[in-house]
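Student: I've got a model open and I'd like to learn how to read its insides. Can you walk me through it?

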Amino acid sequence: RHGAGKNEDTFKTSPFHFDLWFYFTLQNWVLDFGRPIAMIILPLEWFPLNKPSAGDYFHMAYNVITPFLLLKLIERSPKTLPRSMVYVSIIMFVMGASIHLVGDSVNHRLIFSGYQHHLSVRENPIIKNLKPETLIDSFELLYYYDEYLGHSMWYIPFFLILFIYFTGCFTPVEEESRMPVAALLLMGPSSLYYWYLVTEGQIFILYIFTFFAMMALVMHQKRKGLVLDSNGLFLFYSFIITLVLIAVWVVWLWNDKILRKKYPGVIYIPEPWAFYTLHMNNLHAAKESL
C-alpha cells in the first residue's frame, strides 16, 4: 500500500492554481507592500501615534491570511509532503511575522518624528540626543527584533514552505510543463513583489540559496525524466525574474554614496524604504517649498 501511494504521488498532476496564486499576489501587494503606504497616506488624526496604524491592521490580516494560503497550497500538492515540517514552519512564520509587526509598527511611526531609514539607529538625528543614552540601546534592540530576528523567523519558514511545495511540482508528462495565460499575467506582479520582499527584508542570501536549491532539484529531476508542471514553472520563473530585478536595482544605485554607507557589506542591496526616505522625501520637501 505504501509503495502504491508513492507511485500515485509521483504521477499525480495538478492544474495551475490560479485562485491561490492570485490571492497570494493580491494580499501580498495590499497587506504587505501596502502597509506603510496606508500608514503614510491616511490622516494621522484617524490613527494617533500612540495607537496602531492602518498599516498595523493590514499586518494583522496578513499574519492570519498568509499561513492559511500556505496551508491550502501545501494541501493541493500532488505529492505527499512532510506535514510536521510544514506545521512547525507555519508556527515559526506566525511568530516571526508577529514580532515584526510590533517592531515595524514603531519604526514606521518614527517617520512622523523625523526618523530616516537610510541612516543607522545611532546616526539618526532624533535618536542621537536621547537622554539617558541607554535609551538608544533600547531602540537598537527594537531594530534588532524588527530587522533581524523578526525577518529571520518570518522569511526562513516562508521560503522553506515554498521550496517544500516546489519539490512536489514535477511530472513525467511533457505536455503538462506549460504555463497558461493566467500564469503569465500573474508572473510580473508576483516577481515584482518578491523583489520588494528580498530587498526590503534584506534576505538576499536566503533567497539565492532557495533559488539555487530549486535549480539543483530541477537538474536532478530532469535526469529522472521529470519536468516542472505549470505551478512549478510559475514559481521558478518568478524567482528568475526577481533575480533580474534585483540586479537592475543594485546597478541603478551602485554609486549612491549615502546608501553605500548604510549597506557597507559585500552584498550591497539597498532597501526601497531607505531609498524613499533619502530621495523621495527630499523631492516632496522641495515641491512643498516652491
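**Cavities, a serine and the cores**

Tutor: Let's begin with a wall. Sorted by class, the residues lining the second largest cavity are three nonpolar, five polar and three charged. Keep in mind that this is a predicted model.

Student: Which residues line the second largest cavity?

Tutor: They are R35, P36, M39, S53, G55, D56, H59, L101, D104, S105 and H108. The cavity has a volume of about 60 Å³.

Student: And which helix gives the most to that lining?

Tutor: That's α4, with four residues. Helices α2, α3 and α4 each supply at least two.

Student: Let me pick S105 from that list. Is S105 buried or exposed?

Tutor: For that you look at relative accessible area, where under 20% counts as buried. S105 comes out at 16%, so it is buried. In the fold, S105 belongs to helix α4, which covers residues 83–109.

Student: What does S105 touch, apart from its neighbours within four places in sequence?

Tutor: With those set aside, S105 is in contact with D56 and H100. The D56 link is a polar contact of 2.7 Å between the two side chains. D56 and S105 both appear in the second cavity's lining, too.

Student: How many cavities of 30 Å³ or more does the structure hold?

Tutor: Four. The largest has a volume of about 180 Å³. It has 20 lining residues, and those closest to its centre are H100, D104, H108, Y196 and E200. So you've met H100 already, as a contact of S105.

Student: What is the largest cavity's lining like by class?

Tutor: Seven nonpolar, five polar and eight charged residues. Helix α6 gives the most, with five residues. The elements that give two or more are α2, α4, α6, α7 and α11.

Student: Now the nonpolar side. What's the general idea?

Tutor: In soluble globular proteins, nonpolar side chains tend to be buried together. Here, the largest nonpolar core has 62 residues, and W21, L235 and F239 touch the most other members. Among the elements giving two or more residues to this core are α2 (18–41), α6 (134–166) and α9 (230–252).

Student: Which residues does W21 touch, not counting those up to four places away in sequence?

Tutor: F16, L73, Y165, L186, N231, F234 and L235. There's also a second, separate core of six residues, including Y115, V121, I136 and Y143.

Terms used: Residues numbered from 1 in each chain as written. Predicted model: local features only at pLDDT ≥ 70, side-chain atom pairs only at ≥ 80, totals over all residues. Heavy atoms only, no water. Buried < 20%, exposed > 50% of the residue type's maximum accessible area, 1.4 Å probe, protein only. Polar contact = N/O pair within 3.5 Å; in protein donor to acceptor, adjacent residues only side chain to side chain. Contact = heavy atoms within 4.5 Å. Core = buried A, V, L, I, M, F, W, Y, C linked by side-chain atoms within 4.5 Å. 1 Å grid on protein atoms, 1.4 Å probe; cavity = no way out; pocket = protein on both sides within 12 Å on 5 of 7 lines; lining within 4 Å. Points joined across faces, edges and corners; volume = space filled by probe spheres on them. Nonpolar A, V, L, I, M, F, W, Y, C, P; charged D, E, K, R; others polar.
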